[in-house]
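Here are some short exercises to work through with the sequence and the 3D view side by side. Try each task yourself before you read its solution.

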Amino acid sequence: MEMATMHDLSGDHGVRLPDFIIGGAPKCGTTSLHFILGQHPDIGLPDNEIAFFDADDPIVHPDFLFVEDGRLEWFDVRETAPQSLEWYASRFAPFRDAQAVGEDSTTYLFSAAAPERIHSLLPEVKMIFLLRDPVQRAYSQYWHLIRTARLACSFEEALTEHSSIILGSTYAPHLRRYLASFGRDQVKVQVFEDFTRDKQGSIDDVTDYLGVPRMTLSDAQTWFNRSTYPQKPRLHRMANRIGRRIVAGRYRNHMGKRSGLRQKIGNKLEYNWFHRVNPRLLTAVRPPPMRADTAAYLTQHLSARNAGLSDLLGRNLSRVWKGFEG
């Protein structure tokens with residue numbers, strides 16, 4: 001997809017667009033990386049995920065595709081939708097004077113549409129990806145979806161009904177697509193387990209890659225937000241049968257174009273759900289353990305889906321991820 005309109009917009013109005021993109025994977029430390037880099041005096045990062053280049057991709061953003069009044073609704077990010085392009089550019093307006101400007105959209109890695117679109121608009125952009133033990137990442141994503149009221153089923157049922165959980169732990173074929181589009185000099189891959197063990201070394205690696213001065217983490221906050229989990233998972237899943245209908249409106253207004261009474265009511269309901277109902281359910285500090293037979297299946301299947309990943313990264317990942325054979 002050619003996005004010449006955005007190039008024209010940038011040239012005509014001096015819009016500052018990203019120098020780097022944290023493109024995934026979700027539940028692999030990307031939020032912590034964003035939080036740390038956001039404290040760097042020479043880096044500009046919008047607070048929230050942008051999810052622009054894949055906003056119309058129903059595989060990675062099923063929440064963004066919905067039916068309203070019998071009509072299919074989606075976010076149009078083509079070059080023929082200048083209002084969407086202007087919305088994207090506006091996210092970076094506060095950072096025009098920053099040495100490096102970036103964005104964090106953790107689904108870009110898995111979108112078949114995103115690499116070509118990103119390269120068309122930002123051919124010199126530097127991509128950053130964090131990868132985690134694919135089995136643990138899948139389980140973490142499931143609990144994230146439970147905590148945000150988007151699932152109301154067990155992990156095993158979710159694996160059969162929500163392909164995004166498996167897709168999110170499928171790294172190798174998607175990394176190959178980005179490497180083919182951008183080359184190795186523009187693709188930085190870090191491993192979550194390394195990041196948690198040596199945050200300073202990992203951040204030094206990223207800032208060197210971005211060409212900005214190093215930052216001392218003792219002078220920065222590195223802890224973003226400790227996750228909490230349902231004390232009674234079955235009860236929480238039951239509550240989510242109601243909650244998922246309420247929170248759906250949150251994702252249907254991603255680009256902020258919806259207004260009116262219906263949207264105001266939806267915003268109010270969503271706010272009360274997340275600030276009054278959810279906190280009463282999320283009181284455990286860790287999730288229950290994964291079933292052993294489920295873990296065995298995922299270890300085998302996700303190793304197969306990531307065949308060649310160790311060679312791609314030049315590292316034996318079986319020494320990092322238990323049971324991994326890719």
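## Exercise 1: a covered helix

Helix 2 is mostly covered, with six of its eight residues buried. The model is a predicted one, where local features need pLDDT of at least 70 and side-chain atom pairs count only at pLDDT 80 or more, while totals for chains, interfaces and linings use all residues. Residues are numbered from 1 along each chain as its sequence is written, and side-chain values use heavy atoms, with hydrogens and water left out.

**Task.** Work out which residues of helix 2 are buried, and what they pack against.

**Solution.**
- Step 1: get the terms straight. Buried means under 20% relative accessible area, exposed over 50%, and partly exposed in between (1.4 Å probe, protein chains only). Helices (H or I, at least four residues) and strands (E, at least two) are DSSP runs, numbered from the N terminus.
- Step 2: list the residues. Thr30, Leu33, His34, Phe35, Ile36 and Leu37 are the buried ones in helix 2.
- Step 3: look for the partners. The buried residues of helix 2 pack against strand 1, strand 2, strand 5, strand 6, helix 9 (192-197) and helix 10 (199-210), where contact means heavy atoms within 4.5 Å.

## Exercise 2: the sheet and strand 5

**Task.** Find the order of the strands in the open sheet, then say whether strand 5 is enclosed or open to the outside.

**Solution.**
- Step 1: trace the sheet. Its five strands come in the order 2-5-1-6-7, with parallel pairing; two strands pair if DSSP finds at least two bridges between them.
- Step 2: find the edges. Strand 2 and strand 7 (187-191) each pair on one side only, which makes them the edge strands.
- Step 3: check the partners of strand 5. Strand 1 (residues 20-22) is joined to strand 5 by three bridges, and Phe20 sits opposite Gly102. Strand 2 (residues 43-44) is joined to strand 5 by two bridges, and there Ile43 stands opposite Ala100.
- Step 4: look at the two sides. In a regular strand the side chains alternate between the two faces of the sheet. In strand 5, Ala100, Gly102 and Asp104 point one way, Val101 and Glu103 the other way, and all are buried.
- Step 5: conclude. Five of the five residues of strand 5 (residues 100-104) are buried, so strand 5 is largely enclosed by the rest of the structure.
- Step 6: see what covers the far end of the sheet order. Helix 8 (residues 172-182) lies across strand 6 (126-131) and strand 7, at about 165° to strand 6.

## Exercise 3: two helices that pack

**Task.** Describe how helix 5 and helix 11 pack, and which residues meet there.

**Solution.**
- Step 1: take the geometry. The helices pack at an angle of about 55°, with axes 10 Å apart. Axes are lines fitted to C-alpha atoms, for helices over the stretch in contact, and angles run from 0 to 180 degrees between N-to-C directions.
- Step 2: name the arrangement. Helix 5 is therefore oblique to helix 11; under 35 degrees counts as roughly parallel, over 145 as roughly antiparallel, 65 to 115 as roughly perpendicular and the rest as oblique.
- Step 3: list who meets whom. Tyr142, Trp143 and Ile146 of helix 5 meet Pro233, His236, Arg237 and Asn240 of helix 11.
- Step 4: look just past helix 5. Ser154 is in the loop between helix 5 (134-147) and helix 6 (155-161), and leaving aside neighbours within four places in sequence, Ser154 is in contact with Tyr142 and Arg237. Ser154 counts as buried because its relative accessibility is 17%.

## Exercise 4: backbone oddities

**Task.** Where is the cis peptide bond, and what is the phi of Ala51 and of Ala149?

**Solution.**
- Step 1: the cis bond joins Gly24 and Ala25, with omega about -5°. Ala25 belongs to the loop between strand 1 and helix 2 (30-37).
- Step 2: Ala51 has a positive phi of about 50°, although it is not a glycine. Ala51 is in the loop between strand 2 and strand 3 (66-68), and counts as buried at 4% relative accessibility.
- Step 3: Ala149 has a positive phi near 65°. Ala149 lies in the loop between helix 5 and helix 6, and is buried with a relative accessible area of 0%.
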